[in-house]
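Work through three short exercises on the structure below. Try each task before you read its solution.

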Amino acid sequence: MMYEMNNSSSSLSKKPTTNSSFYNKTWTGIVNQNNNGADSTGSQSTAGFDSPKLGGVGDFPHQQQHEQSAILNPGGGEGDGPAWMRSFRFFGLRLKTVTALLMTSIVVVCLCSLGLSLSFEFSFRNVERGFGEESVKKLSNSLHDDFDVLFNKLYEYAAWDDVFNIVQEQSVQKADVLLNEYFSCDYMKRANLNYIMMYFPNQTFFRGVNCFGGVKVSEFPVELTTLDSSFFVNLSIPEKRQETFLIPSLTVDQLMKKSGISPISSDLLPENTNHTNIIMVTAQPIQPTDNSVTNGLMIFARYITATIMLDLARRNQQCNTFFDLRDSTDLEVLRKYMGFDSVNELKNYLSTQHASTISTSDSWTIETPFTMFPGAIYDDSKKRQCYTSTESGSTRFSSFKLVNDWSGQQAVVIRTDISREVYSLGWLSFLYTAIAILALVILMAIAVMIFVEFVVLRRVLKIGRFVRSVTNENDLSRRLVNMSSDELGDLSADINGMLVALEVSQSKLANDNLMMQNILERTAIEEEKSRCILNSITDFVVTVECSSGLIININSSFENKILKKKPQLQHSMKSAPFENHLINEYITNYSTLQELLEKLDILSRGGEVFETTLFSDLGSKYPVNVSVNKTKMTVREGVIGDAFIIVMKNLSEQTELKNMLTMQQEKLMEIQKVAKFDKVMADKELRNKFKEFTIKERSSENFLFLEMVEQYKTISKSKERAVLQKEIIRRHLLPNSPQPLNVSQKILETEYKKIASGYGQLDLFDKLEVVVKGMILDDTFSRFMIERENEESTDTSDSTSSMTNHTNC
């Protein structure tokens with residue numbers, strides 16, 4: 001096990017500190033504290049205890065008992081203190097109990113009320129929304145039924161041989177006779193019909209009838225006389241049916257005025273007061289009775305009048321309103337109901353909502369409303385019809401559904417409003433429930449208060465008085481009388497058992513304390529031995545916590561050479577120099593700390609080693625060989641966990657020897673290469689071959705320069721050397737030389753100045769010769785030797801083959 005080292009080598013001779021572990025620190029602190037207490041009171045006991053009742057224990061338990069007495073008996077008097085203090089505590093506990101019960105009751109009532117209110121609100125609001133959706137669906141189904149009624153009437157005439165033949169013959173006279181005979185205004189009034197229209201297959205209007213309130217109107221809406229081509233799609237299919245809404249540009253009043261009929265009065269047409277300009281249109285191909293072919297289109301249509309709206313309201317037991325989105329008055333009324341600031345804002349909002357498209361299938365009838373409003377108050381107004389007059393002026397729940405016309409444009413908003421009786425009934429039920437809960441909570445609180453007073457509080461106060469009495473008298477031999485077998489009886493038995501245990505344990509405390517001090521002294525000596533052995537190792541030794549990668553311990557070699565010095569905060573001046581250091585700050589082979597810890601775990605299990613380099617603060621490199629062992633130890637005060645013991649063997653000397661050997665080998669190879677070059681230059685035949693090789697390689701200028709320098713050095717007279725000096729400069733060193741040297745321009749300029757200023761000195765070209773020779777050795781000569789070796793190996797192979805063939809012959 002590795003122990004924490006001191007901050008300097010001189011501290012190794014000091015006595016080890018007692019902060020090596022939480023156990024050590026805690027018990028040593030107790031011993032020192034008790035010894036200090038014994039000294040201050042004049043006691044000679046080793047552990048600092050000398051109480052006669054505890055058998056040699058000192059003043060500490062006695063002082064502790066006085067502190068407990070001061071806490072439990074703040075009056076400081078005998079027994080339970082003054083009468084007013086006892087009265088205050090007596091009523092204080094009861095007051096706290098009553099306050100707690102009262103607060104609990106209030107919280108319970110509030111929470112129950114809040115929970116019930118939210119539950120009722122969400123539940124009945126959802127129920128109300130369900131009723132609102134259902135009201136819209138019922139109205140949609142009623143409209144769909146009315147379309148079916150129109151289809152049944154339409155089919156009687158559209159699938160009739162007489163109508164088919166008249167359209168086929170294109171006889172206007174016969175058509176007028178048929179319309180006058182079968183579609184009088186009285187009949188159309190009874191049948192709730194306003195328009196009977198017939199069209200040719202080429203989409204041309206043929207003949208028709210327009211009656212309103214029993215009055216025949218000669219003018220037709222232009223939207224019906226020039227029917228859109230979408231009505232004539234798949235006209236050849238006899239089974240084709242179409243139903244939709246159509247809103248003409250002219251109202252009924254305008255059509256009647258245009259036809260020369262006086263304006264509608266309530267006396268003339270009382271059932272059509274407050275009618276809408278929305279037309280229900282049903283269309284079917286004209287065909288014979290056998291449904292074999294088609295010839296044109298026939299339309300039955302009617303306005304949604306006040307009579308029809310009232311009939312819809314009575315059938316569904318609700319109130320209905322139809323808003324024409326092309327009527328400015330309807331838009332203004334709808335804007336006020338929905339709470340928008342302007343009509344344009346309303347239109348923009350409606351353009352983002354889904355609109356139902358009327359079709360012969362019933363899928364559009366089950367589509368939900370696009371919005372709903374609770375709590376609105378509606379009076380009887382234009383285009384609003386209710387099944388009973390008592391529904392006006394009360395709070396209503398409204399649902400709005402958007403419907404397209406025949407062109408797919410948003411045309412009609414249908415509003416249904418129903419009574420909020422269910423919602424009101426729900427809140428009334430909540431009120432009754434809340435009152436019942438409040439009464440029940442009050443009764444329960446009173447019952448709990450009575451129970452707590454007689455069963456709990458009085459007995460608890462009795463136990464408290466006994467404990468204070470034992471504390472004040474310092475008499476552990478007393479026992480509490482137990483007269484029940486419930487939890488408080490168990491508490492009394494436990495208090496008696498505790499008093500018995502205290503008598504036994506306090507008699508052993510002094511002996512245990514003395515024994516613990518002896519153990520800690522022996523442990524400190526062993527720590528000192530281990531620390532001395534660890535710091536005597538010259539290699540680097542580090543202990544690392546497995547889970548966090550924090551450095552726990554280091555030896556002096558690691559501290560002096562590798563440890564990175566970090567500035568310490570004022571509150572941590574006494575902490576270890578490696579506190580909060582991570583191992584990946586020193587072993588940097590891995591990108592993350594987790595990868596490094598995984599590698600160390602593998603090495604600890606396999607016994608392998610790996611090499612890395614450590615760097616000091618001064619930049620020194622220390623190549624090391626890392627080996628890892630894993631063990632359990634105290635990683636911090638009071639915590640035992642897994643730790644890596646990392647031994648990093650210093651390989652600096654071995655690395656230096658390797659570098660020196662490498663340098664010697666490189667120098668030897670350089671000498672061998674120079675010797676080979678000198679041998680080639682000394683051998684005339686090899687020299688000529690090398691010269692030819694430089695010419696072939698287009699690098700002969702450097703070789704020729706060396707030949708001329710060699711010739712220059714053989715001349716004995718400086719005057720003759722000066723002549724050759726100028727020739728060498730002319731041929732190789734000038735910018736326009738015929739054979740300029742292939743060397744660095746900077747070197748050439750420097751050497752040229754020195755050579756040009758000289759006069760036949762023998763060593764004038766030495767430095768430039770060394771540079772040129774080095775370049776030839778590294779480049780051209782190396783390639784020449786490789787080529788020569790390849791030629792020699794080829795000649796050897798050819799000779800061997802010839803000898804083999806001669807032998808075979």
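**Exercise 1. Find how β16 pairs with β17, then place both strands in their sheet.**

Solution. This is a predicted model. Start with the pair: seven bridges join β16 to β17 (residues 621-636), and the two strands run antiparallel. Check one position: Phe 610 stands opposite Val 626 in β17. Next, look at helix α15 (residues 593-606). It packs on the sheet and touches β16, β17 and β18 (639-650). The direction of α15 makes about 85 degrees with that of β17. Now widen the view. The open sheet has five strands, in the order β15-β14-β18-β17-β16, with antiparallel pairing. β15 (551-554) and β16 (609-615) stand at the edges with a single partner strand each, so one side of each has no neighbour in the sheet. From one strand to the next, the twist averages 35 degrees.

**Exercise 2. Decide whether Thr 371 is buried or exposed.**

Solution. Locate the residue: Thr 371 lies in strand β10 (residues 371-377). Take its relative accessibility, 14%. Buried means under 20%. Therefore Thr 371 counts as buried. Then list its contacts, leaving aside neighbours within four places in sequence: Met 338, Tyr 349, Ser 399 and Phe 400.

**Exercise 3. Describe the lining of the largest cavity by class.**

Solution. Begin with volume: the largest cavity has about 30 Å³. Name the lining residues: Tyr 195, Asn 210, Phe 212, Val 217, Val 252, Leu 255, Met 256 and Tyr 303. Two elements, β4 (205-212) and α8 (252-258), give two or more residues each. α8 gives the most, with three. Sort by class: seven nonpolar, one polar and no charged residues.

Technical notes
Residues numbered from 1 in each chain as written. Predicted model: local features only at pLDDT ≥ 70, side-chain atom pairs only at ≥ 80, totals over all residues. Heavy atoms only, no water. Helix = DSSP H or I, 4+ residues; strand = E, 2+ residues; numbered from the N terminus. Buried < 20%, exposed > 50% of the residue type's maximum accessible area, 1.4 Å probe, protein only. Contact = heavy atoms within 4.5 Å. 1 Å grid on protein atoms, 1.4 Å probe; cavity = no way out; pocket = protein on both sides within 12 Å on 5 of 7 lines; lining within 4 Å. Points joined across faces, edges and corners; volume = space filled by probe spheres on them. Nonpolar A, V, L, I, M, F, W, Y, C, P; charged D, E, K, R; others polar. Pairing = 2+ DSSP bridges. Axes fitted to C-alpha atoms, helices over the stretch in contact; angles between N-to-C directions.
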